[in-house]
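These are my notes on a structure that was new to me. I record what I looked up, entry by entry.

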Amino acid sequence: MKTFDALFAELTEKAETRPKGSGTVERLDAGVHSIGKKLIEEAAEAWMAAEYESRERTAEELSQLIYHIQVLMIAKGITTEDVYRHL
Ligand SMILES: N=c1c2ncn([C@@H]3O[C@H](COP(=O)(O)OP(=O)(O)OP(=O)(O)O)[C@@H](O)[C@H]3O)c2ncn1[C@@H]1O[C@H](COP(=O)(O)O)[C@@H](O)[C@H]1O
């Protein structure tokens with residue numbers, strides 16, 4: 001099972017190697033404004049799933065939110081340590 005740190009390492013590598021067909025590379029190229037909008041969209045979907053759908057659907061939406069949080073972190077050069085320092 002993939003963890004937060006494993007996904008972050010995978011996305012960081014994608015950002016560096018820029019493989020063809022990577023959705024992450026595409027999202028990074030679209031820029032912070034676009035990534036931010038997607039993050040908000042996923043946050044809203046997670047909220048709506050929590051209100052009206054199952055725990056499983058909510059977990060799925062939360063996983064997508066985590067993905068987009070990580071894309072924003074990479075776009076801004078923010079490491080997990082930078083974030084964890086504030087927890
Ligand atoms: N975990 C994720 C992940 N979660 C969410 N998403 C993206 O976020 C979208 C969220 O779903 P939506 O329901 O909003 O889909 P949508 O409305 O079609 O969204 P758009 O594609 O139009 O923005 C998905 O379609 C994916 O494009 C993800 N994209 C990639 N990953 C993982 O990231 C890694 C790198 O992926 P690539 O860069 O594509 O190789 C792989 O391990 C992937 O499994």
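Entry 1, the pair α2 and α4. I looked up how these two helices lie in this predicted model. The axes of α2 and α4 approach to within 10 Å, and their crossing angle is roughly 55 degrees. I therefore noted α2 and α4 as oblique to each other; the class called roughly perpendicular begins at 65 degrees, and roughly parallel requires an angle under 35. I then checked the hand of the crossing, and α2 passes α4 in a right-handed one.

Next I asked which residues meet where α2 and α4 are in contact. From α2 I listed T24, R27 and L28, and from α4 I listed V71, I74 and A75. Sorting the residues of this contact by class, I obtained four nonpolar, one polar and one charged.

Entry 2, the pair α1 and α4. I repeated the procedure for α1. Here the axes of α1 and α4 come within 10 Å and cross at roughly 45 degrees. That angle makes α1 oblique to α4. The crossing of α1 past α4 is right-handed.

For the contact itself, I found F4, L7, F8, L11, T12 and A15 on the side of α1. On the side of α4, I found I66, Y67, Q70, V71 and I74. I counted nine nonpolar and two polar residues in the contact of α1 with α4, and no charged ones. I also noted that V71 and I74 of α4 are listed in the contact with α1 and in the contact with α2.

Entry 3, the ligand. Which residues are around the ligand? I listed E10, K14, S22, G23, T24, K38, Q64 and Y67. I then looked up which helices supply at least two residues each to this shell, and I recorded α1 (4-17), α2 (23-30) and α4 (55-75). By class, the shell around the ligand has three charged, four polar and one nonpolar residue. Two names recurred from my earlier entries: T24 of the shell also meets α4 from α2, and Y67 of the shell also belongs to the contact of α4 with α1.

Entry 4, residue A43. I located A43 in helix α3, which spans residues 32-52. Is A43 buried or exposed? I found 16 other C-beta atoms within 10 Å of A43, so I entered this residue as partly exposed; buried would require 20 or more, and exposed 12 or fewer. Lastly, I looked up the separation of A43 from L62, which lies 19 residues away along the chain. The C-alpha atoms of A43 and L62 are 7.5 Å apart.

Key:
Residues numbered from 1 in each chain as written. Predicted model: local features only at pLDDT ≥ 70, side-chain atom pairs only at ≥ 80, totals over all residues. Near = placed C-beta within 6 Å. Nonpolar A, V, L, I, M, F, W, Y, C, P; charged D, E, K, R; others polar. Axes fitted to C-alpha atoms, helices over the stretch in contact; angles between N-to-C directions. Parallel < 35°, antiparallel > 145°, perpendicular 65-115°, else oblique. Left-handed = near helix turned anticlockwise from the far one by under 90°. Contact = placed C-beta atoms within 7 Å.
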